[in-house]
Amino acid sequence: MNVPLTESIRNVAVVSHAGSGKTSLVEALAYCAGSLSAPGSIFAGTTVSDFEPEEIHRRTSLNTTVLRCSYQDRVLTLLDTPGSPSFIGETRSALRAADGVVLVVSAASGVRSALQRIWSMVRDSGVPCVVFVNDLDKDGTVFDNTVEDLTKELEMTAVPLILPMGSGAQLGDVVDVLQNHVVTSQPDRPKSQQGPVPPEWRDRVDQARRRVMELVAEGDEALLERYLTDGALTEEALLEGLQAGVQRGSLVPIVGGSALRHIGVHSLLHTLVDLLPSPVSRARVAPLQGTGSMEDGGPINRHPLPTDPFSAVVFKTLIDPFIGRLSYVRVYSGTLEADTAMYNSTRQVRERGGHLFSIFGKKYTPITRATAGEIVAIGKLKDTVTGDTLCDEHAPIRYPGIPFPRPVVSFAIEPKSKTDIEKVSLGLHKVIEEDPSLEFVRHIETKEMVLSGMGQLHIDVALEKLHRKYGADVIVHAPKIPYRETIRSVAQAQGKYKKQTGGHGQYGDCWLEVGPLPRGQGFEFENKIVGGAIPRNFVPAVEKGVVEALHEGPLAGYPAVDVRVTVYDGSYHVVDSSELAFKIAGSMGVKKALEAAHPILLEPLMTVEVEVPAECVGTVLGDLNARRGRIVMVEANGHIEIVKALVPQAEMLSYAASLNSMTGGQGSYAMEYAQYEEVPRELAGRIIEEHKMERHGAVAH
């Protein structure tokens, strides 16, 4: 395979919500570009993009797939991303590797709030965008109406570059406004045919071209002056002005048709190679900037040239059962030879480079080198994970990591068989290497293994992979809430341990005072012994006994926190006192004192941020209030309302399904731990009783 010139590369992420036709469009693009002998079918499970068993079964994309195609002397690398909010991390990492985006909009379903969220993410990434309006062959769809909705709802400067000839089932050809000809496509042939614009369409096409010229001229003073003077722009000026506007992000070209029938796909291919930037053009607008070594840490720039020092970012990790671990990288600068060493500047370790591969779905073709701008896979990197920077050790640079979303849904898991504990743990760590938006922890307080993800689908898919790839099966249930205990008031108590068993006995005696600390302060221990009532060498033993006793509070055995303990008096025996005796005395004393200091139960509160369509906000607010939530703020962002609230973690366990139901699948939320607060008395009583019954049941069992 010849190494492409960086100017000829187009790296394009295809994004949208589920059901918009992304994968069908990617399949059509690859077919019409000549890289596929026949297009696959989602329903038959034969697409190049959706090759994982979980994707074929569900008929939806769950991973980002890379397809490297050639078209008109260009290398077009397509990244087909999942549409489900559960896999938003995949979309974010794909945007990091891309220089351009195709936003797929189904004319049949219109501009939904799910699309608005994707559009916000595209805008935040700063990557230039082209829109493909799909499903124009469905009844009741009107291209102009969708363009109008995009302009109004997404506040984009939409530039329509096609005119569909016919609508619904009668949709046939499209007029390419820029090329000024009719494009005829056929579902069973990759090539299209060009023909002249019919006389009856001439006025409409001229009007559409004038509209494109106006939009291009409005964004550039020199072009505007030329347009006003000459009444038109030359082909060359129009194309250059359009390219500049697209790459600045001020103009969004709109193409449309039907992915399944390949209508409009050739016009989209032309738009991608003509208007979206190469890595070189992109770097002029968004320079490649990272930081240097840990010593200086200053900003460093790289240029997307083969002659610059090598640098790349890993945007995806795949653990293939036949090839092993594959790291998908976007090479930003320099040249990488196969099987050469490189430096991971994020982890500060050297990596022995493996084989290099060109990627087309699940087909990996060995290559000898990769150059600036390319997206390739590297085999068998040992310490490198998604988001890491790889570079030349003699010219270190570190690019910012990929901001993966925090999980919102958690489930406790336990192996079906005790012998599978190690298998489950190792398997899940590998699943998480492939998908960093999953989290897996062992909670010390609840003694549970907890898997967290972006939604029910996310967790289901992770556990299916765990079973398929690593042969591990688990039982899933709601996780325990990590309650804690604290005290309201000050109390004193004596802890006295005296044991006589012939020979040396055991004697430890201490007086302790406990008092509350501000929330979140943890634990403090003070020594106020005067006059040697307890010898100095025994005081640490008292503290040790206190710390161990605080692991189980007096109400329900949850850890006691935010407590100050002071040892202020006691007595000892010259012969019988020991560290063990004072440790036991400290433990006894603090337990008594806590019981007398009005203990209370605390629960974790989460900061919850919910994004919902404006028409659903009332229902969502009522539901959060019913969950004992405190609304902090509600703000509008276009047609989306953002609700921020503090809600007890115990009330959020089933929230994903409820929000889905309330918003028809158009709501999303994120949450993170905020603070601990007191549980209302009547609820606390119920939790304490349940916990006691659980413990008695466990003991009896």
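## Exercises: surfaces, cores and salt bridges

Start with Tyr 572: it is partly exposed, with a relative accessible area of 40%. (Buried is under 20% relative accessible area, exposed is over 50%, and partly exposed falls in between, using a 1.4 Å probe and protein chains only.)

Some ground rules before you dig in. This is a predicted model, where local features need pLDDT of at least 70 and side-chain atom pairs count only at pLDDT 80 or more, while totals for chains, interfaces and linings use all residues. Residues are numbered from 1 along each chain as its sequence is written, and side-chain values use heavy atoms, with hydrogens and water left out.

**Exercise 1.** Find where Tyr 572 lies, and work out which residues form a nonpolar patch with it.

*Solution.*
- Step 1: Tyr 572 sits in the loop between strand 32 (563–571) and helix 14 (579–596). Helices (H or I, at least four residues) and strands (E, at least two) are DSSP runs, numbered from the N terminus.
- Step 2: its patch partners are Val 574 and Val 575, and together the three have about 310 Å² of accessible area. Areas come from the Shrake-Rupley method with a 1.4 Å probe, and for residues only the protein chains shown count as cover.
- Step 3: check the patch rule. Members need over 30% relative accessible area and no salt bridge; like charges are joined within 9 Å, and nonpolar side chains (Val, Leu, Ile, Met, Phe, Trp, Tyr) within 5 Å.

**Exercise 2.** Sort out which residues of helix 16 (655–663) are buried and what they pack against.

*Solution.*
- Step 1: the buried ones are Tyr 655, Leu 659 and Thr 663.
- Step 2: these three cover an arc of only 50° around the axis, which puts them on the same side of helix 16. The arc is taken from the directions from the helix axis to the C-beta atoms.
- Step 3: recall that an α-helix has 3.6 residues a turn, so residues three or four places apart point the same way.
- Step 4: flip to the other side of helix 16, and Ala 657 and Ser 661 turn up exposed.
- Step 5: the buried residues pack against strand 33 (599–613), helix 15 (617–626) and strand 36 (668–678). Contact here means heavy atoms within 4.5 Å.
- Step 6: right after helix 16 comes Gly 664, with a positive phi near 60°.

**Exercise 3.** Trace the salt bridge between Arg 468 and Glu 52, and say whether each partner is buried or exposed.

*Solution.*
- Step 1: the two side chains meet at 2.9 Å, N to O. That fits the rule for a salt bridge, a side-chain nitrogen of Lys or Arg within 4 Å of a carboxyl oxygen of Asp or Glu.
- Step 2: Arg 468 is in helix 12 (residues 456–470) and Glu 52 in the loop between helix 1 (22–32) and helix 2, so the pair links distant parts of the chain, 416 residues apart.
- Step 3: Arg 468 is partly exposed at 34%, whereas Glu 52 is buried at 8% relative accessibility.
- Step 4: Glu 54 joins in too, forming a salt-bridge network with Glu 52 and Arg 468.
- Step 5: for context, the structure holds 29 salt bridges.

**Exercise 4.** In the largest nonpolar core, which residues touch the most other members?

*Solution.*
- Step 1: a nonpolar core is a set of buried Ala, Val, Leu, Ile, Met, Phe, Trp, Tyr and Cys residues joined through side-chain atoms within 4.5 Å.
- Step 2: of the 104 residues, Leu 103, Leu 150 and Ile 254 take the prize.
- Step 3: not counting residues up to four places away in sequence, Leu 103 touches several residues, among them Val 15, Trp 119 and Phe 132.
- Step 4: a second, separate core of 35 residues includes Ala 472 and Met 671.
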